[in-house]
Amino acid sequence: MAWIYLFIGALFEIGWAVGLKMSEGFTKPFITAFTLISIFISFFLFTKALKMIDIGTGYAIFTGIGAAGTAVIGMAFLGDITSAGKVFFIAVLIFGIIGLKMSESSKVEVTEEGL
């Protein structure tokens with residue numbers, strides 16, 4: 001369940017990042033409200049996920065999904081510059097996120113008897 005919280009929280013991170021751009025300095029009330037609600041939901045789900053996921057792995061995946069998703073939405077819908085280099089490094093970021101998730105293993109508790 002922690003990974004689901006992390007992923008959904010990261011989607012809301014994308015939402016609030018895009019909302020910051022679209023609110024035009026918080027001058028659009030509806031988009032500003034969406035942004036603030038997204039920030040709250042994003043961090044709420046992130047904190048729930050961190051109860052079960054290591055902070056380093058969780059934060060890297062959370063921010064990686066947010067950064068990659070925000071960059072893709074910016075290029076696809078908001079007129080951000082698209083280049084081969086940008087697309088390549090977003091792909092590298094996504095593969096890094098997948099690698100972190102795949103390398104996360106169950107915590108093994110070492111006891112004195114196990115030494």
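## Met 75 and its surroundings

Met 75 is found in helix α3. The model is a predicted one. Met 75 is buried, because its relative accessible area of 16% falls under the 20% cut-off. Leaving aside residues up to four places away in sequence, Met 75 touches Asp 80, Ile 81, Thr 82, Lys 86 and Ile 90. Thr 57 is 18 residues from Met 75 in sequence, and their C-alpha atoms are 27 Å apart in space.

Lys 86 lies in helix α4. Its C-alpha is separated by 9.6 Å from that of Met 75, with the two positions 11 residues apart along the chain counted as their distance apart. Lys 86 is partly exposed, at a relative accessible area of 36%. Beyond residues up to four places away in sequence, Lys 86 touches Met 75, Asp 80 and Ile 81.

Asp 80 sits in the loop between α3 and α4, the latter running over residues 84–103. Asp 80 is partly exposed, with a relative accessible area of 33%. Its contacts are Gly 74, Met 75 and Lys 86, again not counting residues up to four places away in sequence. Met 75 and Lys 86 also touch one another.

## Helix α1

Helix α1 covers residues 2–22. It has 21 residues and reaches 30 Å from its first C-alpha to its last. That is close to the 30 Å expected at 1.5 Å a residue.

The buried residues of α1 are Ala 2, Tyr 5, Leu 6, Gly 9, Ala 10, Glu 13, Ile 14, Gly 15, Trp 16, Val 18 and Gly 19. What covers them? The cover includes α2 and α3.

## The loop between α1 and α2

Two residues in this loop take a positive phi. Glu 24 comes just after α1 and lies in the loop between α1 and α2. Its phi is positive, about 50°, although Glu 24 is not a glycine.

Phe 26 has its place in the loop between α1 and α2 as well. Phe 26 takes a positive phi of about 60°, and is not a glycine either. Phe 26 is partly exposed, with a relative accessible area of 45%.

## Helix α2 and its two sides

Helix α2 runs over residues 29–50. At 1.5 Å a residue, its 22 residues should span 32 Å; the end C-alpha atoms are 32 Å apart, so the two values agree.

Which residues of α2 are buried? They are Ile 31, Thr 32, Thr 35, Ser 38, Ser 42, Leu 45, Phe 46 and Ala 49. These residues cover an arc of only 165° around the axis, which puts them on the same side of α2. Pro 29, Phe 30 and Phe 40 are exposed on the other side. Among what covers the buried residues of α2 are α1 and α3, the latter spanning residues 55–77.

## The nonpolar core

The largest nonpolar core has 14 residues. Leu 6, Ala 49, Ile 53, Ile 61, Phe 62 and Ile 65 have the most contacts inside it. Helices α1, α2 and α3 each supply at least two residues of this core. Which helix gives the most? It is α1, with six residues. In soluble globular proteins, nonpolar side chains tend to be buried together.

Phe 62 touches Leu 6, Gly 9, Ala 10, Glu 13, Ser 42 and Phe 46, not counting residues up to four places away in sequence. Of these, Leu 6, Gly 9, Ala 10 and Glu 13 are among the buried residues of α1. Ser 42 and Phe 46 are among the buried residues of α2.

## Aromatic rings

The structure holds six aromatic pairs. In one of them, the rings of Phe 88 and Phe 89 have their centres 4.9 Å apart; their planes are at 75°, so this pair is edge-to-face. Phe 89 counts as exposed, because its relative accessibility is 57% and the cut-off is 50%.

Ring pairs also link Trp 16, Phe 43, Phe 46, Tyr 59 and Phe 62 into a cluster. Within this cluster, Trp 16 is buried in α1, and Phe 46 is buried in α2. Phe 62 is one of the residues with the most contacts inside the largest nonpolar core.

A charge also meets a ring. The charged end of Lys 101 sits over the ring of Trp 3, 4.4 Å from its centre.

Technical notes: Residues are numbered from 1 along each chain as its sequence is written. This is a predicted model: local features need pLDDT of at least 70, side-chain atom pairs count only at pLDDT 80 or more; totals for chains, interfaces and linings use all residues. Side-chain values use heavy atoms; hydrogens and water are left out. Rings of Phe, Tyr and Trp (its six-membered ring) pair if their centres lie within 6.5 Å; planes under 30 degrees apart count as stacked, over 60 as edge-to-face and the rest as tilted. Buried means under 20% relative accessible area, exposed over 50%, partly exposed in between (1.4 Å probe, protein chains only). A charge sits over a ring if NZ of Lys or CZ of Arg is within 6 Å of the ring centre and within 35 degrees of the ring normal. Helices (H or I, at least four residues) and strands (E, at least two) are DSSP runs, numbered from the N terminus. The expected span of a helix is 1.5 Å times one less than its number of residues. The arc is that of the directions from the helix axis to the C-beta atoms. Contact means heavy atoms within 4.5 Å. A nonpolar core is a set of buried Ala, Val, Leu, Ile, Met, Phe, Trp, Tyr and Cys residues joined through side-chain atoms within 4.5 Å.
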